[in-house]
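Good morning, and thank you for making time for this presentation. Please keep the sequence and the structure in view while I speak.

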Amino acid sequence: MLIRAKADIPASEIAPESAWFNRRAFVAGLAAAGLVGTARATPRYVAADGGQKELNGVSRGPFSTDEPANSYEDITTYNNFYEFGTGKEDPHRNAGNFKPQPWTMRVQGEAEMTGEFDVEGLLSGVGLEERVYRMRCVEAWSMVIPWVGVPLGEVLKRFRPTSRAKHVAFETVYRPEEMPGQKRRVLDWPYVEGLTIEEASHPLALLAVGVYGVTLPNQNGAPLRLIVPWKYGFKGIKSIVGIRFQERRPPTSWNISAPHEYGFYANVNPQVDHPRWSQASERRIGSGFSGLFARRVPTQMFNGYGEQVAHLYSGLDLRRNY
Ligand SMILES: Nc1nc2c(c(=O)[nH]1)N[C@H]1C(S)=C(S)[C@@H](COP(=O)(O)O)O[C@H]1N2
Ligand SMILES: [Mo]
């Protein structure tokens, strides 16, 4: 268990209202154990998973929302990561045997630099940033999450993609011995995702390595995962082992699984309903007691990032290209 009580990290300025009750109880526990002296020494967050390491030298990145962030508990116990099971609590319960270190990524395709790279080397020299983003799942729930990561485009540039690199394909690790959900074919493993090169190079797109100032817990996609905040959450592929630059559009897991329900672009769009439910509003996790009365908030076009990304889709019919 990791306990922090530090005043100067960017996340500290976010007041996770939703965590208030948990945190207060927790702080009371710490105080009883003599670990904190005063009420003012409130820990900013608590990582209960073990093995989470503090990330140093994190600067405050652009584009962060000032909406209250979800608690560390919300973010790490309510997950979608089918490799560990399909229930929201399965990933944090079943991801304990997963080994995110050491980690090698294979880079292939239309780029001058391809091969195997270890994550540390890959990210060295690119400054870690905190980005507090809204995350909107296609299932109509949402959270606000203080990620730590590096701009995806900065990392991709290092491979010097060629002019034929119109798309970037991503692949999750396949390790059925460590990922019990992969023993059942609920999806066509490994999980794959993709972006156009313009999307992947957009400054909002993030390769996340942490959350709340510590390394990603396994259930959140350790050691690194994609965050594309203007798209539905399923584009944010976790535990990435493969990147391929290519000309043609790559296949994507949810589109393969249910092509009439999930498209390639998957831009958040409140005007295009899912065939089985409305996308006009979303349930903000953690905003209501036990989630039962969670606040519903209107869903925003491009999840509120339209000012930054709408130009990527000018001339595209967003109903057809959902
Ligand atoms: N490999 C992999 N990546 C994945 C998923 C998954 O099942 N497997 N689920 C996606 C979905 S549907 C969502 S909403 C987000 C959830 O991220 P979180 O659990 O960190 O909130 O991860 C996405 N990335
Ligand atoms: Mo999702």
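In which sense do strand 4 and strand 13 pair, and over how many bridges? They pair in the parallel sense, over four bridges. Within this pairing, R106 stands opposite G242 of strand 13. Before I go further, I should state that this is a predicted model.

Let me place that pair in its sheet. The sheet is open and has five strands, in the order 5-4-13-8-9, with mixed pairing. Strand 5, residues 115–118, and strand 9, residues 192–196, stand at the edges; each has a single partner strand, so one side of each is left without a neighbour in the sheet. From one strand to the next, the twist averages 20°. As a reminder, strands of a sheet pair through backbone hydrogen bonds, in either the parallel or the antiparallel sense.

The antiparallel sense appears on either side of the pair I began with. Strand 4, residues 104–109, runs antiparallel to strand 5, and four bridges join the two. A hairpin of five residues makes the connection from strand 4 to strand 5. Here V107 stands opposite G115 of strand 5. Strand 13, residues 240–246, is also paired with strand 8, residues 167–172, in the antiparallel sense and over six bridges. In that pairing, H167 has Q246 of strand 13 as its bridge partner.

I turn now to the interior. Which residues have the most contacts inside the largest nonpolar core? They are W147, L152, F170, W230, I240, I243 and F245, in a core of 81 residues. Strand 7, residues 141–151, gives the most to this core, with seven residues. In soluble globular proteins, nonpolar side chains tend to be buried together.

I243 deserves a moment of attention. Leaving aside neighbours within four places in sequence, I243 is in contact with M105, R106, V107 and Q108, and also with L156, V168, A169 and F170. Among these partners, R106 is the residue that stands opposite G242, and V107 is the residue that stands opposite G115.

Next, the empty space. A probe the size of a water molecule, rolled over the atoms, shows where such space is left. How many cavities of 30 Å³ or more does the structure hold? The structure holds one, with a volume of about 90 Å³. Its lining is made up of 14 residues, and the closest to its centre are M135, I227, V228, P229 and G233. Strand 6, residues 129–136, and strand 12, residues 225–227, are the elements that give two or more residues to this lining. Strand 6 gives the most, with four residues.

V228, one of the residues closest to the cavity centre, is found in the loop between strand 12 and strand 13. Is V228 buried or exposed? V228 counts as buried because its relative accessibility is 6%, under the 20% cut-off. Not counting residues up to four places away in sequence, V228 touches L195 and K235. The C-alpha atoms of V228 and R134 are separated by 10.0 Å, although these residues are 94 residues apart along the chain.

The largest pocket holds about 730 Å³ of space. Of the 30 residues that line this pocket, K53, Q101, V209, T215 and P223 lie nearest its centre. Helix 4, residues 119–123, supplies the largest share of the lining, three residues.

P223 leads me to the backbone. Most peptide bonds are trans, and most residues other than glycine have a negative phi. Where does the model depart from this pattern? The bond joining A222 and P223 is cis, with omega about -5°, and P223 is found in the loop between strand 11 and strand 12. The peptide bond from W189 to P190 is cis as well, with omega near -5°; P190 is found in the loop between strand 8 and strand 9.

Positive phi values occur at A266, near 55°, and at F302, near 50°. A266 is found in the loop between helix 7 and strand 14, and F302 in the loop between strand 15 and helix 8. A266 is buried, with a relative accessible area of 4%, and F302 counts as buried at 4% relative accessibility.

That concludes my presentation, and I thank you for your attention.

Notes
Residues are numbered from 1 along each chain as its sequence is written. Chains are lettered from A and ligands numbered from 1 in the order in which they are written. This is a predicted model: local features need pLDDT of at least 70, side-chain atom pairs count only at pLDDT 80 or more; totals for chains, interfaces and linings use all residues. Side-chain values use heavy atoms; hydrogens and water are left out. Two strands pair if DSSP finds at least two bridges between them. Axes are lines fitted to C-alpha atoms, for helices over the stretch in contact, and angles run from 0 to 180 degrees between N-to-C directions. A nonpolar core is a set of buried Ala, Val, Leu, Ile, Met, Phe, Trp, Tyr and Cys residues joined through side-chain atoms within 4.5 Å. Buried means under 20% relative accessible area, exposed over 50%, partly exposed in between (1.4 Å probe, protein chains only). Contact means heavy atoms within 4.5 Å. On a 1 Å grid over the protein atoms alone, a cavity is a set of points where a 1.4 Å probe fits but cannot get out, and a pocket is an open set with protein on both sides within 12 Å along at least five of seven lines; lining residues have an atom within 4 Å of a point. Grid points are joined across faces, edges and corners, and a volume is the space filled by probe spheres set on the points.
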